[in-house]
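This report describes how a set of neighbouring strands and helices is arranged in one structure. It should be read alongside the sequence and the coordinates displayed below.

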Amino acid sequence: MPLVPMRVLLDHAAEHGYGVGAFNVNNMEQIQAIMQAAAETESPVIVQASRGARSYTNDAYLRHLMLAAAELNPRIPIAMHQDHGNSPATCLSAVAQGFTSVMMDGSLTEDGKTPSSYEYNVRVTREVVKAAHAKGVTVEAELGCLGGIEDGHGAGLSAEAALAHLTDPAQAGQFVADTGCDALAVAIGTSHGAYKFKRKPTGDVLRMDVIEDIHRRLPDTHLVMHGSSSVPEELVAIINRFGGKMPETYGVPLAEIRRGIQHGVRKINVDTDNRLAMTGAIRKVLHENPGAFDPRDYLKPARAAMVDVVRERMVAFGQAGQAGGVPVVSLDEMARRYGGR
Ligand SMILES: [Zn+2]
């Protein structure tokens, strides 16, 4: 089937009480890995690309790879999402490239690192909502700021600064009403990248209570968890066993994500775990076979390692087995629904 509006996936997830993983891509192997895991587990799926990914793939390669993914997987509902759009122009260029969902991250100014004002955030988000909804495209917005500026996602503060910019639950309702966004990314102490927490996170740094508070106030709003890789010890260990040098680090435990899903979280962003899996697999092959020089020798195991991570997440988030139940809604139909509101 053609790529579907992300809103359709989130509505179905809310109705049936599960979450949908949103996995970042930069190349063919990552897209293939996600689609293989989705096909094996019959999962609806969100594939997302950051500004960096769009520039890396020059948009056109990415667009055609996604068309291939849809063509080869006619029974899997796939949404294509712009991760952290820094301006209305970025979001609208994504829509022009066939993305079925965009994130307008107006929590930061256009430079992607300076916290903005509430008024700025509402203004740019509304602008994107108006233009995107006219084409049936979904809009994710963000209130509060995430950490992880070093990651190359092009968004985020230092982990310490991020804790000072948690989403204000009291402001969330006004923000959703002011912007008309379809989904709300919340800042609860998570950061982008591999270095989220220096010890196993407890409730003072990973503020799941903020999600619960927002969900109590806004039971019908789809919430999004960013920076939600779990950074499994065993994946870091493989990298370090085969010549890597990653310091001790902790991510967001799967149990905490499942707790979020019970409280309105419908989209869970995962990137780092897939990067770790691929890098570990590549290091292992090159370490064990110093003579290897065919890229397929290490890209195949890298792709397989990513399939394992994505499959595990799809099962943990509850999206496995849901693909067949998601209603088929075109962008045109979605635009009509938005227009009828
Ligand atoms: Zn993010």
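## Strands β1 and β2 and their surroundings

Strand β1 is mostly covered, with 5 of its 5 residues buried. The model under discussion is a predicted one. The covering of β1 extends to both faces: V20, A22 and N24 lie on one side, G21 and F23 lie on the other, and all are buried.

A similar description can be given for β2. Of the 5 residues in strand β2 (residues 45–49), 5 are buried, so this strand is largely enclosed by the rest of the structure. From β2, the residues V45, V47 and A49 point one way, while I46 and Q48 point the other way, and all of them are buried.

### Strand pairing

The pairings that involve β1 and β2 are listed in the table, together with one pair of bridge partners for each.

| Strand pair | Bridges | Direction | Residues paired |
|---|---|---|---|
| β1 (residues 20–24) and β2 | 3 bridges | parallel | N24 and Q48 |
| β2 and β3 (residues 78–85) | 5 bridges | parallel | A49 and Q82 |
| β1 and β8 (residues 265–270) | 4 bridges | parallel | F23 and V270 |

Strand β1 is thus joined to β2 by 3 bridges and to β8 by 4 bridges. Strand β2, in turn, is joined to β3 by 5 bridges. Several of the paired residues also appear in the account of burial given above. N24, which stands opposite Q48 in β2, is buried, and Q48 is buried as well. F23, whose bridge partner in β8 is V270, is likewise buried. A49, partnered by Q82 in β3, belongs to the buried residues of β2.

### The connecting helix and its neighbour

Which elements make up the β-α-β unit, and what is its handedness? Strand β1, helix α2 (residues 28–41) and strand β2 form this unit, and it is right-handed.

Helix α2 also packs with helix α4 (residues 60–72): the axes of the two helices come within 10 Å and cross at roughly 25°. Because angles under 35 degrees count as roughly parallel, α2 and α4 are therefore roughly parallel to each other. The crossing in which α2 passes α4 is right-handed. At this contact, M28, I31 and M35 of α2 meet L65, M66, A69 and L72 of α4.

How values were computed. Residues are numbered from 1 along each chain as its sequence is written. This is a predicted model: local features need pLDDT of at least 70, side-chain atom pairs count only at pLDDT 80 or more; totals for chains, interfaces and linings use all residues. A residue is buried if 20 or more other C-beta atoms lie within 10 Å of its own, exposed if 12 or fewer, and partly exposed in between; C-beta atoms are placed from the backbone. Two strands pair if DSSP finds at least two bridges between them. A crossover is right-handed if, with the strands pointing away from the viewer, the path from the first strand over the helix to the second runs clockwise. Axes are lines fitted to C-alpha atoms, for helices over the stretch in contact, and angles run from 0 to 180 degrees between N-to-C directions. Angles under 35 degrees count as roughly parallel, over 145 as roughly antiparallel, 65 to 115 as roughly perpendicular and the rest as oblique. A crossing is left-handed if the near helix is turned anticlockwise from the far one by less than a right angle, and right-handed if clockwise. Two residues are in contact if their C-beta atoms, placed from the backbone, lie within 7 Å.
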